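User: Please look closely at the ligand site and describe its surroundings in one connected account. Please also place it among the pockets and the unusual points of the backbone.

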Amino acid sequence: MADSPMTLSEHLARQRSSIPAAHAPGVATLVGRIGRVAAVIAQELARAALRDRLGYVGGTNVTGDQVKKLDVWGHQTLTSALRETRACAALVPEEAPEPIEMPEAGGAHALVVCADPVDGSSNLDVNGTVGTIFALRPSNGKTPAGPQALGSGQEQLAAGYVMYGPATTLVYTVGQGTHGFTLDPDTGDFLLTHPDIRIPRKGKTYGINEGNVHAWHPGQRAFVEYLKAPDKASGRPYSLRYSGAMVADVHRTLLDGGLFMYPADWTDPAKPKAKLRLLYEVAPMGMIVEQAGGRASTGQVRVLDVVATDYHQRAAVILGSPEDVAAADEFYRR
Ligand code: FBP
């Protein structure tokens, strides 16, 4: 009988040697706990309409988004789970203006978690795919620990996402490749189904909200026109695939290749305005894609080189197959 697939906790134990020794226990504890929270979130999403958990709570969050009931529930569920681990020194979440300090976490090796518990909120009430995105950073033993989240994406010790689709998938990296797991709803375990994901060098699809075309950088506009122009030799036209949830669009791109793009609004070229948040959306996805052999750019610089100076700072993102992202960067330089 075939061996049963490796569980997430077994895989984390194998990855320990790739993590700075001081942080290895914390990374294993936190990724493992986020996996267990994800199993709870998956169940809650399946029952949300039956439990009056759809719709808005009223009011907006620190980044001006209307807040859904499941955003609040997801935020509270993840916050209390991380606090219980005593391995999380602070949480930088989408739904709170300032980091949530967790002084009860013991010692210099507790970590800072940056997280978007429910990504793709606009899909919630239409039973569309949503996700959870997270990254772990060292607290360097500092109190308060939250400010340690500020810095470049290269300081991330680990990053991952969970996609709540027909199956629930967890994908993570600790800097030693990118690996995918599928939730066994009977046991609540995540089992290794996509070891060492390698993104194709070039794809056939692109994901972008074309409704914003009027506000794109000229290079971005020209690049999308290029992707749409028929040319057999270079595999064009590419097909448009866009789900409205970053996790779902990145997951497809990771497995099939191609691009996911959320460029900045260049209506005022002196002040380009991005949408997605750096610490708990763009930087984690940058690490995950790079560890799978892909690239992640803002159109101008490598995503992992962008230094966060604000907890809810936004950044443009063009990520995916290395040849496709390189082509996009080329159009921005013209
Ligand atoms: P939140 O739902 O967590 O605020 O995430 C932002 C997001 O929904 C991404 O998941 C997605 O890629 C993007 O915004 C969709 O934006 P738009 O509706 O402008 O296309």
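**Backbone and ligand site**

Analyst: D52 is found in the loop between α2 and β1 (56–60), where helices (H or I, at least four residues) and strands (E, at least two) are DSSP runs numbered from the N terminus. This is a predicted model, in which local features need pLDDT of at least 70 and side-chain atom pairs count only at pLDDT 80 or more, while totals for chains, interfaces and linings use all residues. Residues are numbered from 1 along each chain as its sequence is written, and side-chain values use heavy atoms, with hydrogens and water left out.

Although D52 is not a glycine, its phi is positive, at about 55 degrees. Two cis peptide bonds can be set beside it: one joins T143 and P144, with omega of about -10 degrees, and the other runs from R236 to P237, with omega near 5 degrees. P144 belongs to the loop between β6 (130–138) and β7 (158–164), whereas P237 is in the loop between α4 (218–228) and β12 (239–240). As background, most residues other than glycine have a negative phi, and most peptide bonds are trans.

Turning to the ligand, 18 residues surround it, and D119, S121, Y242, M246 and Y262 come nearest; a residue counts here if one of its heavy atoms lies within 4 Å. By class, this shell has 7 nonpolar, 4 polar and 7 charged residues (Ala, Val, Leu, Ile, Met, Phe, Trp, Tyr, Cys and Pro are nonpolar; Asp, Glu, Lys and Arg are charged; the others, Gly among them, are polar). Both β5 (111–119) and β13 (259–262) supply at least two residues of the shell, and β5 has the largest share, 3 residues.

The polar contacts (N or O atom pairs within 3.5 Å) involve oxygen atoms of the ligand. In the side chain of Y262, an N or O atom is 2.6 Å from a ligand oxygen; at S121 the partner is instead a polar backbone atom, 2.8 Å from an oxygen of the ligand; and a side-chain N or O atom of E281 is 3.1 Å from a ligand oxygen. The protein buries 86% of the 480 Å² that the ligand exposes when taken alone, as found by the Shrake-Rupley method with a 1.4 Å probe.

The ligand sits in the second largest pocket, in the sense that more than half of its atoms lie within 2 Å of the grid points. A pocket is an open set of points on a 1 Å grid over the protein atoms alone, where a 1.4 Å probe fits, with protein on both sides within 12 Å along at least five of seven lines, and its lining residues have an atom within 4 Å of a point. About 430 Å³ of space lies in this second largest pocket, counted as the space filled by probe spheres set on the points. Of its 26 lining residues, G120, S121, S122, G244 and K275 are the closest to the centre. The elements giving two or more residues to this lining are β2 (66–68), β5, α5 (246–256) and β13, and β5 gives the most, with 3 residues. The lining of this pocket has 8 nonpolar, 7 polar and 11 charged residues.

In the largest pocket there is about 520 Å³ of space, and the lining has 16 nonpolar, 7 polar and 1 charged residues. It is lined by 24 residues, with A42, L45, A46, Y164 and G165 nearest its centre, and helix α2 (residues 24–47) provides the largest share of the lining, 5 residues.

Note on methods:
A polar contact is a pair of N or O atoms within 3.5 Å; within protein, one must be able to donate a hydrogen and the other to accept it, and residues adjacent in sequence count only if both atoms are side-chain atoms.
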